[in-house]
Amino acid sequence: IIRVVNKPGNTSIQIGNNCRFNSSSRSNLIGINHPCILSTHLNGNIYIGNNCGFSGTVIGAYKSITIKDNVQCGANTLITDGDWHMDDPRVGPPKDIIINNNVWLGYGVIVLKGIEIGENSIIGAGSIVASNIPANVIAAGNPCKVIKEIQI
């Protein structure tokens, strides 16, 4: 089950094949605090590739969020390309997000605007991703930083 909160006419949401959206608190034993929510605003677009999994994930796009194939989002993750208070003069413009193939976001990860996460990377639970993360690494923390490289 996905809750689409807002989708004005000039926005789009595309979802690939074999994607799973776990919205029930019983569907993930680590605990889900809310259903999966997809929302687009202004000219926002959300693209989700194939074989992705989400548990209580919120994705909010004002511009563009691209989630490529085989991405797994742990319970209660948030991915947003904007600051949600567009009428506040202290807020900057929305910026694209790209999450590449085979990325795993742990429980409670927040991905902020303007971020690219490289393929095969793992983001540790509770991390706030405020700068780009390269491919093939484990990264964690607030702010999220590379901890170690993954040998593939």
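This briefing covers the strands, the nonpolar core, the aromatic pairs and two individual residues. The model is predicted. Five strands form an open parallel sheet, and the largest nonpolar core holds 29 residues. A search of the whole structure finds two aromatic pairs.

**Sheet and hairpin**

- The open sheet runs in the order β2-β5-β8-β11-β14, with parallel pairing.
- Its edge strands are β2 and β14 (116-117), each of which pairs on one side only.
- At the β14 edge, two bridges join β11 to β14, and these strands run parallel.
- I98 has E116 in β14 as its bridge partner.
- Elsewhere, β17 and β18 make a hairpin, with two residues between them.
- Five bridges hold this antiparallel pairing of β17 with β18 (residues 144-149).
- V137 has its bridge partner in β18, namely E149.
- In general, strands of a sheet pair through backbone hydrogen bonds, either parallel or antiparallel.

**Nonpolar core**

- Within the 29-residue core, the residues with the most contacts are I67, I79, L105 and I117.
- Six elements give two or more residues to this core: β4 (36-40), β5 (45-48), β7 (58-61), β8 (64-67), β11 (97-99) and β17 (137-141).
- I79 shows how these parts of the chain come together. Beyond its neighbours within four places in sequence, I79 contacts T57, V58, I59, G60, I65, I67, C73, I97, I99, L105 and V111.
- Two of the other most-contacted core residues, I67 and L105, are thus among the partners of I79.
- Nonpolar side chains tend to be buried together in soluble globular proteins.

**Aromatic pairs**

- F21 and F54 form a stacked pair, because their planes lie at 15 degrees; the ring centres are 4.9 Å apart.
- This pair links distant parts of the chain: F21 sits in strand β3 (residues 20-22) and F54 in strand β6 (residues 53-55), 33 residues apart.
- F21 is buried, at 13% relative accessible area. F54 is also buried, at 1%.
- Y62 and W84 form an edge-to-face pair, because their planes lie at 80 degrees; here the ring centres are 5.3 Å apart.
- This second pair also links distant parts of the chain, 22 residues apart. Y62 lies in the loop between β7 and β8, and W84 in the loop between β10 (78-80) and β11.
- Y62 is buried, at 9% relative accessibility, whereas W84 is partly exposed, at 36%.

**I15, on an edge strand**

- I15 belongs to strand β2 (residues 12-15), one of the edge strands of the open sheet.
- With a relative accessibility of 39%, I15 is partly exposed.
- Leaving out residues up to four places away in sequence, I15 touches I2, F21, L38 and I48. One of these, F21, is a member of the stacked pair.
- I15 and C52 are 37 residues apart along the chain, and their C-alpha atoms are separated by 9.2 Å.

**N76, a buried polar residue in a loop**

- N76 lies in the loop between β9 (72-73) and β10.
- N76 is buried, because its relative accessible area of 12% is under the 20% cut-off.
- Its side chain makes a polar contact of 3.2 Å with the side chain of Y107.
- Apart from neighbours within four places in sequence, N76 contacts G31, I32, N33, H34, S55, G56, Y107, G108 and V109.
- One of these contacts, S55, falls within strand β6 (residues 53-55), which also holds F54.

Conventions
Residues numbered from 1 in each chain as written. Predicted model: local features only at pLDDT ≥ 70, side-chain atom pairs only at ≥ 80, totals over all residues. Heavy atoms only, no water. Core = buried A, V, L, I, M, F, W, Y, C linked by side-chain atoms within 4.5 Å. Buried < 20%, exposed > 50% of the residue type's maximum accessible area, 1.4 Å probe, protein only. Helix = DSSP H or I, 4+ residues; strand = E, 2+ residues; numbered from the N terminus. Contact = heavy atoms within 4.5 Å. Phe/Tyr/Trp six-rings, centres within 6.5 Å; stacked < 30°, edge-to-face > 60°. Pairing = 2+ DSSP bridges. Polar contact = N/O pair within 3.5 Å; in protein donor to acceptor, adjacent residues only side chain to side chain.
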